Amino acid sequence: MRTISANSTSNVQSLRGFVNAPTYGLHKRGFVISWPFSASRKPRSSIHCSVRFRPCIDIHKGKVKQIVGSTLQDLEGDGSNPVTNFVSDKSAAEYANLYKEDGLTGGHVIMLGADPLSKDAALEALHAYPGGLQVGGGINSDNCLSYIDEGASHVIVTSYVFNNGQMDLGRLKDLVRIVGRHRLVLDLSCRKKEGEYAIVTDRWQKFSDVILNAEVLQFLANFADEFLVHGVDVEGKKLGIDEELVALLGKHSPIPVTYAGGVTVMADLERIKVAGKGRVDVTVGSALDIFGGNLAYKDVVAWHAQQHASMV
């Protein structure tokens with residue numbers, strides 16, 4: 001497998017031939033890439049300009065929960081003691097059916113652990129809403145296709161691609177080969193480090209050396225159908241959104257992107273719409289009343305429908 005540090009000029013140059021003969025340069029700590037498109041190459045899909053609400057189902061030890069993600073630890077056994085905002089008495093499949101009834105697509109099911117109970121719950125959700133949900137958590141080249149076969153529209157990947165602090169392009173290439181770019185979502189969740197957004201992995205505990213900027217977004221868009229980005233510094237804490245991060249995504253992502261983190265009130269949805277220039281979708285977790293919060297799920301669904309209607 002080949003890995004690349006986003007800070008290394010020699011490693012960037014070594015990627016020649018990995019994709020269709022790009023010309024590489026280096027700008028700051030990202031990539032500058034020019035792509036030789038031919039007339040026979042299919043154009044990339046245009047990004048929608050209507051914000052969508054993307055629902056979520058987070059699963060921990062078989063239960064639907066809302067957890068402050070930055071408190072999860074990658075420990076063996078039961079050593080982790082995450083901060084939990086909510087534990088539901090409803091199954092993952094019940095949430096999937098709710099989203100299906102409300103016509104919400106592109107939601108994500110995240111397994112916050114590799115235990116059999118969480119996997120079983122995730123599969124039940126996929127079976128309840130085939131083609132309507134994406135799935136992430138422990139996805140790799142060996143199991144990715146099985147989740148597609150079980151009904152996932154896409155698989156979501158982070159740590160498998162951003163391995164040991166570096167971008168592993170060999171693994172990314174394998175995933176694209178197996179499931180196809182059109183079924184792959186890259187989770188680029190990030191935290192502020194020295195004034196820049198660094199992609200974090202391993203339950204958001206480890207900083208990678210990949211900085212989320214225009215060049216990196218442009219490069220990775222050639223291998224994925226969508227991006228999912230949690231603002232880890234505010235995720236699960238109901239502190240308000242990270243408008244700077246949303247603005248970066250809205251300005252520079254060349255493919256559909258979903259932001260998660262900090263939404264507390266309806267006004268936050270409008271802030272995302274404005275900061276993201278109408279090009280960034282939104283996920284709401286702990287704030288929703290279906291997850292023990294004060295924000296009415298029905299109001300968010302109505303807002304979602306209004307955004308769609310305004311584009312018709």
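Two strands are taken to pair if DSSP finds at least two bridges between them. Helices (H or I, at least four residues) and strands (E, at least two) are DSSP runs, numbered from the N terminus. The structure is a predicted model, in which local features need pLDDT of at least 70, side-chain atom pairs count only at pLDDT 80 or more, and totals for chains, interfaces and linings use all residues. Residues are numbered from 1 along each chain as its sequence is written, and side-chain values use heavy atoms, with hydrogens and water left out.

The protein chain contains nine helices and 17 strands. Of its 312 residues, 56% are buried, where buried means under 20% relative accessible area, exposed over 50%, and partly exposed in between (1.4 Å probe, protein chains only). Contact denotes heavy atoms within 4.5 Å. Among contacts between residues at least 6 apart in sequence, 67% join residues at least 24 apart.

Strands 12, 13 and 14 form an open sheet, in the order 12-13-14 and with antiparallel pairing. Strand 12 (190-193) and strand 14 (206-211) stand at the edges with a single partner strand each, so one side of each is left without a neighbour in the sheet. On average, neighbouring strands of this sheet are turned by 50 degrees against each other, direction ignored. Axes here are lines fitted to C-alpha atoms, for helices over the stretch in contact, and angles run from 0 to 180 degrees between N-to-C directions.

Strand 12 pairs with strand 13 in the antiparallel sense over four bridges. Within this pairing, lysine 193 has glutamate 196 in strand 13 as its bridge partner. The hairpin of strand 12 and strand 13 has two residues between the strands, and glutamate 194 takes a positive phi near 55 degrees there. On the side of strand 14, strand 13 (residues 196-201) is joined by three bridges, again in an antiparallel arrangement. Alanine 198 stands opposite isoleucine 211 in strand 14.

Helix packing was examined next. Two packed helices are described by the angle between their axes and the distance between the axes. Angles under 35 degrees count as roughly parallel, over 145 as roughly antiparallel, 65 to 115 as roughly perpendicular and the rest as oblique. A crossing is left-handed if the near helix is turned anticlockwise from the far one by less than a right angle, and right-handed if clockwise. In the classification of residues, Ala, Val, Leu, Ile, Met, Phe, Trp, Tyr, Cys and Pro count as nonpolar, Asp, Glu, Lys and Arg as charged, and the others, Gly among them, as polar.

Helix 2 (residues 92-101) packs against helix 3 (residues 116-128) at an angle of about 25 degrees, with the axes 8 Å apart. The two helices are therefore roughly parallel to each other, and their crossing is right-handed. Helix 2 contributes Ala92, Ala93, Ala96, Asn97 and Lys100 to the contact, and helix 3 contributes Ala121, Glu124, Ala125 and Ala128. By class, this contact has six nonpolar, one polar and two charged residues.

Helix 8 takes part in two packings. With helix 7 (residues 243-252), the angle is about 40 degrees and the axes are 8 Å apart, which makes helix 7 oblique to helix 8. Glu243, Val246 and Ala247 in helix 7 meet Arg271, Ile272 and Ala275 in helix 8; these residues divide into four nonpolar, no polar and two charged. With helix 9 (residues 297-311), helix 8 (residues 266-275) packs at about 30 degrees, the axes being 10 Å apart. Helix 8 and helix 9 are therefore roughly parallel, and they cross in a right-handed manner. Here Met266, Leu269, Glu270 and Lys273 of helix 8 meet Asp299, Val300, Trp303 and Gln307 of helix 9, a contact of four nonpolar, one polar and three charged residues.

Two individual residues complete the description. Glutamine 134 lies in strand 7 (residues 133-136) and, at 3% relative accessibility, counts as buried. Leaving aside neighbours within four places in sequence, glutamine 134 is in contact with ten residues, including Arg54, His108, Ser153, His154 and Glu226. Histidine 182 is found in the loop between helix 5 (169-179) and strand 11 (184-187); at 49% relative accessibility, histidine 182 counts as partly exposed. Outside the same sequence window, histidine 182 is in contact with His154 and Asp225. The C-alpha atoms of histidine 182 and serine 153 are separated by 9.3 Å, the two residues being 29 residues apart along the chain.
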